[in-house]
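Hi,

Here is the structure I promised to pass on. Have a look at it first, and then read on for what turned up when I went through it.

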Amino acid sequence: MHLAPATFSDTGAGDARKISVAQVLVYELRVRDAMSKPPITAGPADSLRTIQELMRTRRISGVPITSNDLLLGIISIEDIINALTRGYIDDPAENHMARHVVTLRDHFSLVRAVAEFDRHEFGRFPVLDGNDRLVGILTRGDITGCLMQHLERRAEEALAVEAALRATKKADDAADRVVVRAHVRTGDYDSAGRVSQRMRQVLRERGVDPEIRRRAAVVAYEAETNIMIHSLGGEIIAAIDPAKVVIEAIDVGPGIENVEQAMQEGWTTAGRLPRELGFGAGMGLPNIKRCSDNLTITSDNKHGTYLRSEIYIHKAGAPT
Amino acid sequence: MKTSTRVKFQPLIAALRAEPLTDRVPDELSGSYISDLLSDVLAHAKPGTLWLTIQTHRNVVSVAATKDIAAVLFTCGRRPYAEVIAEAEAEGIALLTTPLATYEAAGTLWEAGFR
């Protein structure tokens, strides 16, 4: 086991301050987390043969001798071998047990336990609680097993967190895209701005920079009123994702005769009523162009007009 | 007329003999713009301003909301329909009406130091 604190005293050298999970764990985990419990024990009057049998069946190499949970001594496999060679295997444990036993406290950190193993070269330590009662046995194998178990748990937790993040991200991506659309009827001056209004709300909720919000709103509003004033009807669609707003205005005709001319400020074909209402200033398309980061318009008298405007959010966006 | 200073609105309302049509009016204004052409307002009005117009239909509210205009002042004593006022309330835009014509209203604002 090389979880020695020496690794920590090395931290002066370069970026050795990077501490592994195992190193953190030996500080965090306590002896009580790693020890085998309840301990397998024998009484002082039990024969060494009984203890030998206990070691064989339970596959252990040391047995603490206790009375009322208090530790009296310990019998190791070496003591059994000696008893067999020298012929006192039927003696009671108390006659041959080691009485000065080095113990650990259950609240010790594992790093301290590792240091004790290194210092004493024992295979196991009896573990006592605050009332000196024997509560467990700790071997190096227990420490390794405990660390492996916790590392595995941490790894699983990390994987679970990662998977959860991925799932959330996926859900976010889907929810991040909002599409607002509406049919626009010719001359329906009272309904103008419905898409624009809902789009503004979404952008506001996302904390999009007000200037970008206003530009998108101008495009949507102008595009919507264009369909209303000039076309035989159509549709307006605003697709909002974290990076940009895409506004599409599609109408069924009659098409813009001269797109270049229509892009000039002040040029209008609007009728009297819309002009009285304050529409038809000949500024719609120029306004759209000014507010768009990317604008395409295609128009012919067969298919009507298709307008697509992109407004980028990324710069001051900070979508939440 | 465009200004960039922030001006208290309450004294101007008195000078214009204006009547607020919505429950709330803004405390301050950052400027003013005058136009009856919606696209012109969309092109040039700044956020937080007072917009003077004779148009009273609901698109005025839409345009004001689009540009984050703080308040709309209808001149020549014009009044919008109740549904327009309700929409303005919902959008958080103040509506007011003044008996003054647009030119007189602008002059009054100028005289009151709103420049």
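**A small tour, starting with a sheet**

In chain A, three strands make an open sheet with mixed pairing, and their order is β3-β4-β5. The edge positions go to β3 (104-105) and β5 (134-139) of chain A; each has a single partner strand, so one side of each has no neighbour in the sheet. Before you go further, please keep in mind that this is a predicted model.

Strand β4 of chain A covers residues 124-128, and its pairing with β5(A) is antiparallel, over five bridges. If you want one pair to click on, take A:L128, whose bridge partner in β5(A) is A:L134.

Not far along the chain you get to A:R140, which belongs to helix α7 (residues 140-176) of chain A. Is A:R140 buried or exposed? The answer is in between: 17 other C-beta atoms lie within 10 Å, and 20 or more would be needed to call a residue buried, so A:R140 counts as partly exposed. A:R140 also sits 7.1 Å from A:G123, C-alpha to C-alpha, although 17 residues separate the two in sequence.

**Chain A as a whole**

Chain A has 320 residues, and 31% of them are buried. You will find 12 helices and 10 strands in chain A. Taking the contacts in chain A between residues at least 6 apart in sequence, 63% join residues at least 24 apart.

**The cores**

The largest nonpolar core is made of 73 residues, and the ones with the most contacts inside it are A:A216, A:A220, B:V72, B:L73 and B:I93. Helix α9 (residues 210-230) of chain A gives the largest share of this core, 11 residues. Leaving out residues up to four places away in sequence, A:A220 touches A:V195, A:S196, A:M199, A:I236, A:A238 and A:I247. There is also a second, separate core of 18 residues, and among its members are A:A34, A:L71, A:L128 and A:I137. So you meet A:L128 again here, as a member of that second core.

On the chain B side, look at strand β6 (residues 71-74) of chain B. B:A71 and B:L73 point one way from β6(B), B:V72 and B:F74 point the other way, and all are buried. That fits the usual pattern, as side chains in a regular strand alternate between the two faces of the sheet. The pairing of β6(B) with strand β5 (residues 50-53) of chain B is parallel, over four bridges. Opposite B:V72 in that pairing stands B:W51.

**Where the chains meet**

How many residues of chain A are in contact with chain B? It is 20 residues of chain A, and they contact 18 residues of chain B. On chain A, the elements that give two or more residues to this side are α8, α9 and α12 (284-291). The largest share there, six residues, is from α9(A).

One helix pair across the two chains deserves a look. Helix α8 (residues 194-205) of chain A and helix α3 (residues 59-66) of chain B have axes that come within 10 Å and cross at roughly 30°. Angles under 35 degrees count as roughly parallel, and α8(A) and α3(B) are therefore roughly parallel to each other. Their crossing is left-handed. The residues that meet are A:S196, A:Q197 and A:R200 in α8(A) and B:S62, B:A65 and B:T66 in α3(B). You have seen A:S196 before, in the list of residues that A:A220 touches.

Cheers

Notes. Residues are numbered from 1 along each chain as its sequence is written. Chains are lettered from A and ligands numbered from 1 in the order in which they are written. This is a predicted model: local features need pLDDT of at least 70, side-chain atom pairs count only at pLDDT 80 or more; totals for chains, interfaces and linings use all residues. A nonpolar core is a set of buried Ala, Val, Leu, Ile, Met, Phe, Trp, Tyr and Cys residues joined through C-beta atoms within 7 Å. A residue is buried if 20 or more other C-beta atoms lie within 10 Å of its own, exposed if 12 or fewer, and partly exposed in between; C-beta atoms are placed from the backbone. Two residues are in contact if their C-beta atoms, placed from the backbone, lie within 7 Å. Two strands pair if DSSP finds at least two bridges between them. Axes are lines fitted to C-alpha atoms, for helices over the stretch in contact, and angles run from 0 to 180 degrees between N-to-C directions. Angles under 35 degrees count as roughly parallel, over 145 as roughly antiparallel, 65 to 115 as roughly perpendicular and the rest as oblique. A crossing is left-handed if the near helix is turned anticlockwise from the far one by less than a right angle, and right-handed if clockwise.
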